Amino acid sequence: MRDHREAIAALIHSYAELLDDGDLEGVARLFAHATLRSDGVPEVRRGSAQVLDVYRSMVRLYDGRPSTKHVTTNLAIEVDAPGTLASARSYYTVFQARPGLSLQPIIAGRYHDRFSRAGGSWRFADRLIFVDLVGDLSFHLRGFL
């Protein structure tokens, strides 16, 4: 089970790394077999194409990157006995700095994730994003997920 948890943690952290790197296509690939949801938003995004569309329409990029650092903490992972399904809860805090915006936290909340294992690899099945605290998002997002 420890190896499963480490693989799932790496998957969760890859989301933050890809997004901070401006690799929106890479972020979308993480959801090829998954749904992406946000509390208070009725739309459910399914698969890479829909996820890529929403990230391209919302995330502001500067020279190909959003000038953010997503920090994921308080990670709690549960894996079922056969090792084929899992869930995780975590907190996120996003920091950003730009000319005209000093380094600051701009949003914080929680991820509730579900995973499945296929072909020996873990993948996202569902991500539900909760937005708990909002700062100045004007340099980062054109709207909410």
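## A tour from Arg127 outward

Select Arg127 and Tyr15: the charged end of Arg127 sits over the ring of Tyr15, at 4.4 Å from the ring centre. This is a predicted model.

Keep Arg127 and add Tyr111. The charged end of Arg127 also sits over the ring of Tyr111, here 3.6 Å from the centre. Next, show Asp113. Its side chain meets that of Arg127 in a salt bridge, 2.7 Å from N to O. Arg127 belongs to strand β6 and Asp113 to strand β5 (residues 101-118), so this pair ties together parts 14 residues apart in sequence. Are these two residues buried or exposed? Both Arg127 and Asp113 are buried.

**The aromatic cluster**

Stay on Tyr15 and switch to rings. The structure holds 6 aromatic pairs. One of them joins Tyr15 and Phe31 edge-to-face, with 6.2 Å centre to centre and 90 degrees between the planes. Tyr15 is in helix α1 and Phe31 in the loop between α2 and β1, 16 residues apart, and the pair links these distant parts of the chain. Colour by accessibility. Phe31 counts as buried at 0% relative accessibility. Tyr15 has a relative accessible area of 3%, and is buried too.

Now go back to Tyr111. Its ring centre is 5.8 Å from that of Tyr15 and the planes stand at 80 degrees; over 60 counts as edge-to-face, so this pair qualifies. Tyr15 in helix α1 and Tyr111 in strand β5 are 96 residues apart, another link between distant parts of the chain. Tyr111 is buried, as is Tyr15.

To see the whole cluster, select Tyr15, Phe31, Tyr55, Tyr92, Tyr111, Phe115 and Phe124, which ring pairs link together.

**The nonpolar core**

Which residues touch the most other members of the largest nonpolar core? Select Ile8, Tyr15, Phe31, Tyr55 and Phe115 to see them; the core has 34 residues. Two or more residues come from each of α1 (2-20), α2, α3, β3, β4, β5 and β6. Helix α1 gives the largest share, 6 residues.

Zoom in on Phe115. Setting aside residues up to four places away in sequence, Phe115 touches a list of residues that includes Ile8, Leu11 and Ile12. Also among them are Thr84, Leu85, Ala86, Ser87 and Ala88, as well as Trp122, Arg123, Phe124 and Ala125.

Step to Ser116, in strand β5. Ser116 counts as buried, at 18% relative accessibility. Apart from neighbours within four places in sequence, Ser116 is in contact with Thr84, Leu85, Ser121, Trp122, Arg123 and Ala125.

**More salt bridges**

Search the whole structure and 7 salt bridges turn up. Select Arg56 and Glu25 for one of them, 2.7 Å from N to O. Why does this pair tie together separate parts? Arg56 lies in helix α3 (residues 47-58) and Glu25 in helix α2 (residues 24-29), so the parts joined are 31 residues apart in sequence. Arg56 is partly exposed at 47% relative accessible area. Glu25 is partly exposed as well, at 34%.

Then pick Arg114 and Asp126. Their side chains meet in a salt bridge of 3.9 Å, N to O. Arg114 is in strand β5 and Asp126 in strand β6, so the pair ties together parts 12 residues apart in sequence. Arg114 is partly exposed, with a relative accessible area of 46%, whereas Asp126 counts as buried at 2%. Add Arg37 to the selection: salt bridges with shared partners join Arg37, Arg114 and Asp126 into one network.

**The strands**

Switch to cartoon. Start at β1 (residues 35-38). With strand β2 (residues 45-46) it pairs in the antiparallel sense, over 2 bridges. Label Thr35: Arg46 in β2 stands opposite. There are 6 residues between the strands of this hairpin, and Gly40 there takes a positive phi near 80 degrees.

With strand β6 (residues 121-134), β1 pairs in the parallel sense, over 4 bridges. Label Ser38 and find Ile129 opposite in β6.

Finish at strands β3 (residues 68-79) and β4 (residues 85-98), which run antiparallel and are joined by 10 bridges. Which residue of β4 is the bridge partner of Thr73? Select Tyr91 to see the partner of Thr73. The last stop is Gly83, in the hairpin of β3 and β4, which has 5 residues between the strands. Gly83 takes a positive phi near 75 degrees.

Note on methods:
Residues are numbered from 1 along each chain as its sequence is written. This is a predicted model: local features need pLDDT of at least 70, side-chain atom pairs count only at pLDDT 80 or more; totals for chains, interfaces and linings use all residues. Side-chain values use heavy atoms; hydrogens and water are left out. Two strands pair if DSSP finds at least two bridges between them. A salt bridge is a side-chain nitrogen of Lys or Arg within 4 Å of a carboxyl oxygen of Asp or Glu. Buried means under 20% relative accessible area, exposed over 50%, partly exposed in between (1.4 Å probe, protein chains only). A nonpolar core is a set of buried Ala, Val, Leu, Ile, Met, Phe, Trp, Tyr and Cys residues joined through side-chain atoms within 4.5 Å. Contact means heavy atoms within 4.5 Å. Rings of Phe, Tyr and Trp (its six-membered ring) pair if their centres lie within 6.5 Å; planes under 30 degrees apart count as stacked, over 60 as edge-to-face and the rest as tilted. A charge sits over a ring if NZ of Lys or CZ of Arg is within 6 Å of the ring centre and within 35 degrees of the ring normal.
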